[in-house]
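Subject: Structure for you to look at

Hello,

Here is the structure I promised to pass on. Please open it beside this email and follow along.

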Amino acid sequence: MKPEGKRLVWNEYQKEIANDNYFYVRSCVRQNFFPAAEKTFLRYMKEMGRNVFENPSHTTCSGIGYHSDIVPFETAMTMVARQFALMSEAGYENFVTSCITSFGLYSEVLETWEHFPAVEEKIRGHLRNATGREFVKPKNLAHASDVTFKLRKDISKAGKYRLINHITGNPIRVVEHIGCHYSKMFPSKGVGGAEYPYVLIGMIEEWGGEVIDYPERRHCCGFGFRQYLVKANRGYSVSSSKKKFDSMKPYKPELILTNCPGCPMFLDRWQYAISEMEGTTYGENGQGIPVMTYEELAGLILGYDPWDLGLQVHQVPVEPLLEKMGIPYDPAKKFLDINGNSMGKPKPPSSMKFY
Amino acid sequence: MIDFGYTLTRDRQFDYDRGDLRYYRLVRSLEPSIDLCIGCGSCSATCSAAQFTNLNIRKLHTVIRRGDTTSIKAGLRKCMFCGKCQLVCPRGVNLRNLILALNRAIEQLG
């Protein structure tokens with residue numbers, strides 16, 4: 001099979017992404033994993049002149065419980081209906097999610113209602129009985145990475161830095177990893193479909209980087225919900241991540257870019273765990289491969305301070321990438337909080353290079 | 001090294017591009033009915049030797065087709081040639097001759 005032909009087929013998988021006035025729902029876990037990612041999204045959206053509305057009453061979409069076989073689908077649909085009700089009450093019709101699993105669940109619920117209108121009516125009844133609320137379905141559903149993809153040229157224009165090694169002039173070699181729930185369940189809901197999702201590639205190319213292809217590119221990051229949530233199963237999770245690292249290592253990636261809450265968490269944390277379990281590191285000279293969310297990378301491109309982006313809480317140090325891109329940073333401020341007080345310094349890993 | 005309470009599991013993915021298909025080709029030349037197998041496992045289910053040993057005819061068939069030669073020899077000599085596998089095979093694979101052909105392949109290829 002000719003890969004060019006496949007790419008051509010998947011090129012047809014494009015989606016409409018609203019241009020302004022978004023109702024934004026946060027992830028229930030991301031602020032613990034990468035604390036400034038969502039804040040950074042809101043920051044550059046404001047700078048790009050876009051209106052993003054948040055309602056602090058919104059809850060988890062329950063996708064994490066649904067995919068862990070804890071929350072039944074009917075309950076999940078009712079919770080999703082409540083989120084839509086909050087959007088309708090605020091007068092918005094473009095729904096943007098921070099989380100990939102939320103995006104997958106919202107897509108699944110809307111698709112279910114499309115094919116089974118009686119189920120939608122039933123859920124409307126559940127919501128009415130429980131909260132007295134009504135809702136209008138969103139006119140446009142997008143993930144925050146879709147919106148960032150749409151704004152990638154504006155970000156590039158306003159940017160101070162590029163994904164280019166400022167010493168050699170070569171593009172930074174980037175592995176992109178798309179969350180499974182972005183387009184593997186509903187290929188038509190993602191930019192570029194399931195096999196060649198273009199959402200992160202578009203950003204990398206626009207910002208000057210080089211995208212790396214490797215055999216296990218579409219393999220799961222290892223989160224897999226039940227693989228991780230039960231401690232006894234975590235060997236499956238870390239082994240899945242290791243499979244990806246082993247596969248990408250020969251291509252010498254300098255950055256892993258992700259658009260899901262779980263993927264950056266596991267591709268980042270498991271590099272540390274593997275280094276402690278068997279002494280293996282996957283970057284150059286005993287370093288790890290830095291892992292970033294698209295918001296953090298957009299923030300770097302736009303010249304935000306790396307420590308304002310929360311990059312100090314990454315398990316794999318990001319300094320090698322900052323140095324390659326020529327982004328200045330103050331090592332003395334790495335572990336200071338917003339008021340200049342020390343947050344405490346983590347114990348250096350035994351195998352991975354620490355800064 | 002830190003013990004986190006879980007371990008890395010060895011990757012069991014098999015790379016078909018790296019398989020050693022010499023055994024498969026030789027056995028197929030001696031017993032072409034090997035290609036009729038649908039992997040139903042009736043042979044293994046009725047195998048007299050499998051009750052007491054690690055002989056597993058279906059597994060043998062699988063590893064030969066994959067070119068995974070490391071486990072071909074396991075249990076092969078335990079076959080008693082009773083022929084029950086051949087009686088139940090829904091595809092009419094000549095299993096006794098298959099075992100003989102495999103023994104011959106091992107003699108030739110090591």
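Which residues of strand 7 of chain A are buried on one side, and which on the other? A:Leu255 and A:Leu257 are buried on one side. A:Ile256 and A:Thr258 are buried on the other. Both faces of strand 7 of chain A are therefore covered.

One caution before the rest. This is a predicted model.

**Chain A as a whole**

Chain A holds 16 helices and eight strands. Its radius of gyration is 20 Å, close to the 20 Å that the globule rule gives for 355 residues, so chain A is as compact as a globular protein of that length. The C-alpha trace of chain A spans about 60 × 50 × 45 Å along its principal axes. Of the 355 residues, 46% count as buried. Now take the contacts in chain A between residues at least 6 apart in sequence. Of these, 77% join residues at least 24 apart.

**Two domains**

Chain A is divided into domain 1 (17-144) and domain 2 (149-333). Their C-alpha centres lie 25 Å apart. Where they meet, 24 residues of domain 1 are in contact with 29 residues of domain 2. Three helices of chain A each supply at least two residues to the domain 1 side: helix 2 (30-33), helix 3 (37-47) and helix 6 (100-115). Helix 6 gives the most to that side, with seven residues. By class, the domain 1 side divides into 13 nonpolar, eight polar and three charged residues.

**The sheet around strand 7**

Back to strand 7 of chain A, residues 255-258. It belongs to an open sheet of four strands in chain A, in the order 6-5-7-8, with parallel pairing. The edge strands are strand 6 and strand 8 (291-293), and each pairs on one side only.

Work across the sheet in that order:

- Strand 6 (residues 210-211) and strand 5 of chain A pair in the parallel sense over two bridges. Here A:Val174 stands opposite A:Val211.
- Strand 5 and strand 7 of chain A run parallel and are joined by four bridges. A:Val174 also stands opposite A:Leu255 in strand 7. A:Val175 has A:Ile256 as its bridge partner, and A:His177 has A:Thr258.
- Strand 7 and strand 8 of chain A pair in the parallel sense over three bridges. In strand 8, the bridge partner of A:Ile256 is A:Val291.

Find A:Val174 and look to both sides. Its partners are A:Val211 in strand 6 and A:Leu255 in strand 7. Then do the same for A:Ile256. Its partners include A:Val175 and A:Val291 in strand 8.

Is strand 5 of chain A mostly covered or mostly open? Strand 5 (residues 173-177) is mostly covered, with four of its five residues buried.

**A helix against the sheet**

Helix 15 of chain A packs on this sheet and touches strand 7 and strand 8. The direction of helix 15 makes about 90° with that of strand 8.

Why is helix 15 (residues 294-301) of chain A described as largely enclosed by the rest of the structure? Eight of its eight residues are buried, so the description fits. They are A:Tyr294, A:Glu295, A:Glu296, A:Leu297, A:Ala298, A:Gly299, A:Leu300 and A:Ile301. Note that A:Glu295 and A:Glu296 are among the buried residues. After helix 15 comes A:Gly303, whose phi is positive, near 90°.

**Chain B and one tyrosine**

There is also a chain B. Nine of its residues are in contact with 13 residues of chain A. The chain B side has five nonpolar, three polar and one charged residues.

One residue to find here is A:Tyr236. It sits in helix 13 (residues 234-248) of chain A. Leave aside residues up to four places away in sequence, and A:Tyr236 touches A:Gly224, A:Gln227 and B:Thr9. Is A:Tyr236 buried or partly exposed? It has 17 C-beta neighbours inside 10 Å, so A:Tyr236 counts as partly exposed. Buried would take 20 or more. From A:Tyr236 to A:His67 is 169 residues in sequence and 17 Å in space, C-alpha to C-alpha.

Start with strand 7 of chain A, covered on both faces, and work outward from there.

Best wishes

Technical notes. Residues numbered from 1 in each chain as written. Chains lettered and ligands numbered in written order. Predicted model: local features only at pLDDT ≥ 70, side-chain atom pairs only at ≥ 80, totals over all residues. Buried ≥ 20, exposed ≤ 12 C-beta atoms within 10 Å, placed from the backbone. Pairing = 2+ DSSP bridges. Contact = placed C-beta atoms within 7 Å. Nonpolar A, V, L, I, M, F, W, Y, C, P; charged D, E, K, R; others polar. Domains from an automatic or database assignment. Axes fitted to C-alpha atoms, helices over the stretch in contact; angles between N-to-C directions. Rg over C-alpha atoms; globule rule 2.2 N^0.38 Å.
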